[in-house]
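The exercises below ask you to work through a structure step by step, with a solution after each task. Please look at the sequence and the structure before you read the solutions.

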Amino acid sequence: MKDKYWLMGPVYDALSYVFAGNSILECKRAMLTPENLKPGDKVLFAGIGHGKEAIYAAEQGADVTVVDLSEAMLDKFKQGLEKTNKDLKINIIHSDIMKIEAFGEYDMVVANFFLNVFDEPFMAEVLKHLIKLGKEDAAIVIGDFAMPEGNIFARLAKRVYWYLAIGIFWVTTGAALHPVYDYRRHMSNQGLDVVDKKYSKVLGINAYTAFLGKKTASS
Ligand SMILES: C[S@@+](CC[C@H](N)C(=O)[O-])C[C@H]1O[C@@H](n2cnc3c(N)ncnc32)[C@H](O)[C@@H]1O
């Protein structure tokens with residue numbers, strides 16, 4: 001199968017820096033705090049891309065697995081890992097996340113800017129799959145574009161910002177074209193208890209949100 005990220009793969013992180021400075025990385029690391037992440041925790045990153053946050057989690061002592069369907073993206077991940085010059089043991093899997101069946105294995109499952117590549121019904125399926133990969137009391141983390149909130153100008157600015165981003169990915173990678181997803185609602189619908197939410201700002205506006213949901217008996 002052709003790598004949909006062959007064009008974006010080499011430049012993805014540079015582009016996100018141009019788009020948002022450090023705010024995207026801040027969002028991706030927002031929930032990787034000592035309260036949520038203990039040395040030895042098993043953490044799975046779905047659709048990892050260049051994956052600086054996964055390297056960070058491994059540096060904190062987590063037992064990290066990363067999965068991505070794109071070889072171009074994983075090449076950049078491996079280059080980043082090499083640059084650390086540290087002996088970090090990260091399990092790198094080149095696969096469709098839906099083919100990963102290590103159910104009930106992970107303390108934390110992270111989906112940063114990943115679920116937005118799918119149309120909404122399939123996104124909900126992928127989220128369900130990610131939840132199944134977590135242990136009974138796992139944390140499920142989603143970092144992504146914030147819902148358009150605030151006054152009419154703020155909402156308009158956020159929509160323009162979002163459609164500019166998803167438009168680029170729609171053209172270059174075939175990502176689904178859709179409004180910003182309400183991840184909190186999707187997480188709650190799937191039985192997660194959403195216990196934390198953190199914003200990252202661009203030019204003073206809440207541009208990105210990280211949610212942390214805990215698995216419950218009904219998820
Ligand atoms: C928009 S990028 C986000 C990358 C990274 N998580 C980040 O925040 O920078 C989406 C990533 O998901 C990967 N991807 C898309 N569909 C996938 C699938 N079915 N299984 C695993 N990875 C997938 C792509 O190859 C790409 O690396």
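**Exercise 1.** Find which atoms of Leu 69, Asp 96 and Lys 28 lie close enough to the ligand to count as polar contacts, for which the limit is 3.5 Å.

*Solution.* In this predicted model, begin with Leu 69, where a backbone N or O atom lies 3.2 Å from a nitrogen atom of the ligand. Next take Asp 96, which places a polar side-chain atom 3.0 Å from a nitrogen atom of the ligand. Finally, the side chain of Lys 28 has an N or O atom 2.8 Å from an oxygen atom of the ligand.

**Exercise 2.** Describe the surroundings of the ligand, from its site to the kinds of residue in its shell.

*Solution.* The ligand sits in the largest pocket, and the protein covers 95% of the 590 Å² of accessible area that the ligand has on its own. There are 18 residues around the ligand, and among those that come nearest are Tyr 12 and Asn 112. By kind, the shell consists of ten nonpolar, five polar and three charged residues.

**Exercise 3.** Classify the ring pair of Phe 113 and Tyr 208.

*Solution.* The structure holds twelve aromatic pairs. In this one the ring centres are 5.6 Å apart and the planes stand at 65°, so the pair is edge-to-face. Phe 113 belongs to the loop between β4 and α5, whereas Tyr 208 is in strand β7, 95 residues apart, and the pair thus links distant parts of the chain.

Terms used: Residues numbered from 1 in each chain as written. Predicted model: local features only at pLDDT ≥ 70, side-chain atom pairs only at ≥ 80, totals over all residues. Heavy atoms only, no water. Near = heavy atom within 4 Å. Polar contact = N/O pair within 3.5 Å; in protein donor to acceptor, adjacent residues only side chain to side chain. Areas by Shrake-Rupley, 256 points an atom, 1.4 Å probe, with all protein chains shown as cover. 1 Å grid on protein atoms, 1.4 Å probe; cavity = no way out; pocket = protein on both sides within 12 Å on 5 of 7 lines; lining within 4 Å. Sits in = over half its atoms within 2 Å of the grid points. Nonpolar A, V, L, I, M, F, W, Y, C, P; charged D, E, K, R; others polar. Phe/Tyr/Trp six-rings, centres within 6.5 Å; stacked < 30°, edge-to-face > 60°. Helix = DSSP H or I, 4+ residues; strand = E, 2+ residues; numbered from the N terminus.
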